[in-house]
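Have a look at this protein chain. The walk-through starts with one helix and then widens to the fold.

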Amino acid sequence: MAHLLVIDSSPAGEASVSRRLTAGFVQTWRAAHPGGTVTRRDLAAAPLPHLDGDTIAAFFTPADARSAAQRDRVAASDAVIAELRAADTIVLGVPMHNFGVPSTLKAWIDHAARAGETFRYTEAGPVGLLTGKKVFVLAARGGDYGAGAPAAAMNFVDPYLKAVLGFLGLADVTFVAAEGVATAGAETALAGAAARLEQALAA
Ligand SMILES: Cc1cc2nc3c(=O)[nH]c(=O)nc-3n(C[C@H](O)[C@H](O)[C@H](O)COP(=O)(O)O)c2cc1C
């Protein structure tokens, strides 16, 4: 059965543009997949902890050798990874914060990227293990970072996500952004993004 994982990271609540994009995506996806199931993770409402030394040590301790405290340390990451494995489509709502992803989304990535679980090292280099899934990155930014825009080189959101998702085996990623929320206005930025998303979904 089709299963969609929705990750929102905007702290802007009802005013969030990226949340409007992910909500629209879910509506379209549900219509196309009657009987499909949806899991949501809201990183603004329930942020994951930053990785500390004890958590990293627990990650690198074999599962059958972990103490009870170490099992607790790994539990959040295990849940994040289980959600990723269960999904065949993943949608990320991504506000641009200071030219990059929100720190809550970075923390989620740090819990998702685990050697032996979501990637592994081979003689030929690292291999991502989350294969066969589609990812949609629905971004919102105050300025315009679209192709050809003067600020395009300052967009560290898309290249970073492309690299880290690809590292985990998530190579089929569609990027759609509401560009110029602050300059063109939220409604204009949203309309442009909605049209580009519709095109991408029809392709
Ligand atoms: C903390 C913070 C940092 C931001 N940094 C940038 C930035 O570097 N470049 C930009 O174009 N817009 C920036 N913005 C504007 C947001 O990208 C814009 O408001 C966007 O709509 C956020 O997505 P959201 O509406 O889903 O929260 C920033 C906003 C906040 C709150």
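**Helix H6 and its surroundings**

In H6, the buried residues are Ala189, Ala193 and Leu197; buried means that 20 or more other C-beta atoms lie within 10 Å of a residue's own, exposed means 12 or fewer, partly exposed lies in between, and C-beta atoms are placed from the backbone. They cover an arc of only 65° around the axis, so they sit on the same side of H6. The arc is that of the directions from the helix axis to the C-beta atoms. An α-helix has 3.6 residues a turn, so residues three or four places apart point the same way. The face turned away from the buried side of H6 carries exposed Glu187, Ala195, Gln199 and Ala202. The buried residues of H6 pack against helix H1 (17-32) and strand E7 (172-178). Contact here means C-beta atoms, placed from the backbone, within 7 Å.

This is a predicted model: local features need pLDDT of at least 70, side-chain atom pairs count only at pLDDT 80 or more, and totals for chains, interfaces and linings use all residues. Residues are numbered from 1 along each chain as its sequence is written.

Now take H4 (residues 103-112). Its buried residues are Thr104, Leu105, Ala107, Trp108, His111 and Ala112. They fall within an arc of 155° seen down the axis, so they line one face of H4. They pack against strand E1 (3-8), helix H3 (68-86) and strand E3 (89-95).

Step back to the chain. It has six helices and seven strands, which are DSSP runs numbered from the N terminus (helices H or I, at least four residues; strands E, at least two). Of its 203 residues, 34% count as buried.

Notes: Two residues are in contact if their C-beta atoms, placed from the backbone, lie within 7 Å.
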